[in-house]
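Me: Please take a close look at one part of this model, namely its buried residues and what surrounds them. I am new to the structure, so please explain each term when it first appears.

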Amino acid sequence: MTPAAHLPPPQARRLAYAGLLPFVAGALFTWLVRPEALPFVTAALSAYAAVIVALLGGIHWGFAMRQSDPPGSLPLWGAACAVLASVAVLMPAYAALVVHGVMLIACYLVDRRVYPVQGAAAWLTLRFRLTAVAALSCFIAAAGS
């Protein structure tokens, strides 16, 4: 099989980049909306970021499910992502968005170690791009909240 066969398919790349729109829009709107709309914008961005962090953890559950005797670290990390993202949603937006940004970066750093072992190394370039934009959006929105 050629290395290109392991690259994310075009539809996955398009969906992944489209998934950045709420991050970028949320960061932008944080700085542009009237003060009375700010809590809604930041809460929406925080909720979306939490869903994405939980999704990134869920990928590790998928890796574990493909194996008869997976390392316990896979489902443990997946659960930790969901729990931390859920806790962050309950925090004030200025703090939650920082936690989400840090979690997005942490997920990428863990994935840099895990994806090659799981045969998904070709996804790391896309993951880096998505992480950079999503985390930066969270930090920009936190600064504006």
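Reply:
**Buried residues and their partners**

A polar atom in the side chain of T30 lies 2.6 Å from the backbone oxygen of G26. A polar contact is defined as a pair of N or O atoms within 3.5 Å; within protein, one atom must be able to donate a hydrogen and the other to accept it, and residues adjacent in sequence count only if both atoms are side-chain atoms.

The model is predicted, so local features need pLDDT of at least 70 and side-chain atom pairs count only at pLDDT 80 or more, whereas totals for chains, interfaces and linings use all residues. Residues are numbered from 1 along each chain as its sequence is written, and side-chain values use heavy atoms, with hydrogens and water left out.

T30 belongs to helix 2, which covers residues 21-32. Helices (H or I, at least four residues) and strands (E, at least two) are DSSP runs, numbered from the N terminus. With a relative accessible area of 5%, T30 is buried; the term buried means under 20% relative accessible area, exposed means over 50%, and partly exposed lies in between (1.4 Å probe, protein chains only). Apart from its neighbours within four places in sequence, T30 is in contact with L38, V41, T42, A141, G144 and S145, where contact means heavy atoms within 4.5 Å.

S137, in helix 6, is likewise buried, at a relative accessible area of 5%. Leaving aside neighbours within four places in sequence, S137 is in contact with F23, V24, A27 and L45.

F23 leads on to the nonpolar core. A nonpolar core is a set of buried Ala, Val, Leu, Ile, Met, Phe, Trp, Tyr and Cys residues joined through side-chain atoms within 4.5 Å. The largest such core has 33 residues, of which F23, V53, L104 and C107 touch the most other members. At least two residues of this core come from each of helix 2, helix 3 (38-65), helix 4 (73-89), helix 5 (93-117) and helix 6 (124-144).

C107 is buried, with a relative accessible area of 1%. Beyond its neighbours within four places in sequence, C107 is in contact with V53, L56, W77, C81 and R127. One of these, C81, is itself buried at 0% relative accessible area. How many disulfides does a search of the whole structure find? The search finds 0 disulfides, a disulfide being a pair of cysteine sulfur atoms within 2.5 Å. C81 is in none, its nearest cysteine sulfur, that of C107, being 3.6 Å away. C107 is therefore unbonded to C81, because a separation of 3.6 Å between their sulfurs is too far for a bond.

C81 also has a buried glycine beside it in the contact list. G57, placed in helix 3, counts as buried at 0% relative accessibility, and outside its neighbours within four places in sequence G57 is in contact with G78 and C81.

R127, another contact of C107, has a charged partner. Side chains of opposite charge can pair when their charged atoms come close. D111 forms a salt bridge with R127, and their closest N and O atoms are 2.6 Å apart. The two residues are 16 apart in sequence and link distant parts of the chain, with D111 in helix 5 and R127 in helix 6. Both ends are buried: D111 at 0% relative accessibility and R127 at a relative accessible area of 7%. The count for the structure comes to 1 salt bridge, defined as a side-chain nitrogen of Lys or Arg within 4 Å of a carboxyl oxygen of Asp or Glu.

Aromatic rings complete the picture. The structure holds 3 aromatic pairs; rings of Phe, Tyr and Trp (its six-membered ring) pair if their centres lie within 6.5 Å, and planes under 30 degrees apart count as stacked, over 60 as edge-to-face and the rest as tilted. F23 and Y48 form an edge-to-face pair, 5.1 Å from centre to centre with 65 degrees between the planes. F23 is in helix 2 and Y48 in helix 3, so this pair ties together parts that are 25 residues apart in sequence. F23 is buried, with a relative accessible area of 2%, whereas Y48 counts as partly exposed at 24%. F63 and Y115 form another edge-to-face pair, at 5.5 Å centre to centre and 90 degrees between the planes. That pair links F63 in helix 3 with Y115 in helix 5, 52 residues apart. F63 counts as buried at 8% relative accessibility, and Y115 is buried with a relative accessible area of 3%.
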